[in-house]
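Got your viewer open? Load the model, and let's take a walk through it one selection at a time.

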Amino acid sequence: MSYLIGQNMTGGYGRGADILHDCTVGVEKGEIAVIVGPNGAGKSTAMKAVFGMLNLREGSVMIDGEDITGLSPQARVRKGMAFVPQTENVFPSMTVEDNLRMGAFVREDDITDSMEQVFGLFPILEEKRLQPAGELSGGQRQQVAVGRALMTQPKVLMLDEPTAGVSPIVMDELFDRIIEVARTGIAILMVEQNAKQALNIADKGYVLVQGRNRFTDTGAALLADPEVRKAFLGG
Amino acid sequence: MDLLNALVALANYILVPGIAYGSQLALGALGVTVVYGILRFSNFAHGETMSAGAMFAILFMWLFQSLGISIAPLPTIVLGLIPAIICMIIYLLVTDRFVYRYYREQKAKPVIFLVASTGLMFLTNGIIRFIIGPDDQRVSDGARFVLKAREFKQFTGLNEGLAIKTSQLITVVAAVAIVVALFWFLEKTKSGKSMRAYSDNENLALLSGINPDRVVMIAWTLTAILATIAGALYGLDKGYKPFTYLQLLLPVFASAIVGGLGSPIGAIVGGFVIAFSEVTITYAFKKVIKYLAPDAWAPEGLVQLLSTDYKFAVSFVILVVVLIVMPTGIFRGKSL
């Protein structure tokens, strides 16, 4: 059983039709799990389901063996989960430093160490610490978003398409940083459009199609699988 | 000498009243902007909230006067502000509990909040008439002037006098103090930053563990403080008439929108833009022109662009023009 797992999840938004059908995604501590699949496969929805942003009709979400299916997203933050939304993931009018401080809002202890860690991971943020986050480039903004999430000292970091809209160079760098974060023992669950590159760094990959698990294996095995390559990775 | 006389006349009739009125509008607009930034609707009840705050301040003023408590030369109403603010905080939190909270839980659209606030506007107006009645109330006691026109004339030897009312001085000092305190709160304290974060990106604020109920509570508390002080100062300056606050809603909203809704700096700048436009356009420039121009050019009329009866038309025109040309206001607030 994985450290964080959403098991046999079935459900959709509000009272609408089900988007997920018996879908299972999970991740171990210190590992990177990637959810890939075609447009409309329910990748982001699966992620949001794990974070409690939609009501599951069936299935459960467990963290460290504890059932958290009934908890609100805010309560899950306190359980050690951090979520980086795909868009609007910074406070645009606030400085980079205040963005990070807001990430640590629920913490009562000293946050300077965490702040130093984030600045160590993303040196550009230290340079721009007094600049409003809304004035930064797309890639820098993603770094602020990931930094803000790390400030809660999460055990699980969930990233919804962290490389959407950034250049390939910035993408490679972001992936490097994500690997570094995973090495510190944090479990990383992310949704990615750039399937090939993402599976390259993934310990585990989930290929979703129409809200169902189609293939589940290690990242390397999925990359090597001719059927996956042909259908989802462009040969 | 004529030039000096002209300048003093301008200062006396435009600069001093404009600054005082601008401060009152700025405080009112700040209240509107706080509600807009946090609760995301245009609070049409804000004028009556100011009126209710002023009413409580007057009730406590009467209490203090009957007890013989005085802080002369300052007007007693200043002392009444503190209990009045507490009453208004309670009043606003109660209305939030019984009106707005329901719509928040329903995730209602801003226009529904707006209509609800209009209902509260009438309700508050009724409560005010019920308690204090529809009549005018004189609220200024203590020293009336800081600087009298006659003293100024004797001192400088000019023809024109410059008068500064105590209420005007108090208005400006109080407005500066409140604005400094508000900005300190929003920029430096953790609670203040969480308010800005909530206003910036509500979902992300929730993901960061910021408690929305607490943010809403602080927002109403700030609104109560700002509205009570703005309302009481306006009453102190111009006399308290319950129905004028309904009319005051227009320049207050115009200030907030001209500056950029949701932007505190915008609310202040907007307040002064509206105040000076109103005062300048309704001022009769005859006297000033007489000082500056040769005698032969002396105008026959008052050289007043608009009669003071039309002063609200000024804010209305500015409001319409801003909404058409620059809907987000000077400081790029949120568009309506």
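Here is a short tour of a sheet, some helices and a couple of single residues in this predicted model.

**Stop 1: a sheet in chain A**

Start by selecting β2, β1, β4 and β5 of chain A. In that order, they make an open sheet of 4 strands with antiparallel pairing. Look at the edges: β2 (20–27) and β5 (66–67) of chain A each pair on one side only. Strands of a sheet pair through backbone hydrogen bonds, either parallel or antiparallel.

Now zoom in on β1 (residues 4–11) of chain A, which is joined to β2(A) by 5 bridges in the antiparallel sense. Which residue of β2(A) is the bridge partner of A:G11? Click on A:L20, and you've found it.

**Stop 2: a residue in a short run of chain A**

Next, select A:A220, in helix α9 (residues 219–224) of chain A. Is A:A220 buried or partly exposed? Count the other C-beta atoms within 10 Å and you get 13, so A:A220 is partly exposed; being buried takes 20 or more. Try a distance label too: from A:A220 to A:L4 is 21 Å, C-alpha to C-alpha, and the two are 216 residues apart in sequence.

**Stop 3: helix α2 of chain B**

Hop over to chain B and select residues 46–66, which are helix α2. The 21 residues of this helix, at 1.5 Å a residue, should span 30 Å, and that agrees with its end C-alpha atoms, 30 Å apart. Show the surroundings as well: 15 of the 21 residues of α2(B) are buried, so the helix is largely enclosed by the rest of the structure. After α2(B) comes B:G68, with a positive phi near 75°.

**Stop 4: two helices packing**

Select α3 (residues 77–105) and α9 (residues 212–238) of chain B. They pack at an angle of about 140°, their axes 8 Å apart. That angle makes α3(B) oblique to α9(B). To see the contact, show side chains including B:I77, B:L81 and B:M88 on α3(B), and B:W220, B:A224 and B:L236 on α9(B). The crossing is right-handed.

**Stop 5: a glycine in chain B**

Last, find B:G271 in helix α11 (residues 264–281) of chain B. With 29 other C-beta atoms within 10 Å, B:G271 is buried. Leaving aside residues up to four places away in sequence, B:G271 touches B:G22, B:L25, B:A26, B:A29 and B:S255. For a final distance label, pick B:E160: its C-alpha is 28 Å from that of B:G271, with the pair 111 residues apart in sequence.

Methods:
Residues numbered from 1 in each chain as written. Chains lettered and ligands numbered in written order. Predicted model: local features only at pLDDT ≥ 70, side-chain atom pairs only at ≥ 80, totals over all residues. Pairing = 2+ DSSP bridges. Buried ≥ 20, exposed ≤ 12 C-beta atoms within 10 Å, placed from the backbone. Contact = placed C-beta atoms within 7 Å. Expected span 1.5 Å × (residues − 1). Axes fitted to C-alpha atoms, helices over the stretch in contact; angles between N-to-C directions. Parallel < 35°, antiparallel > 145°, perpendicular 65-115°, else oblique. Left-handed = near helix turned anticlockwise from the far one by under 90°.
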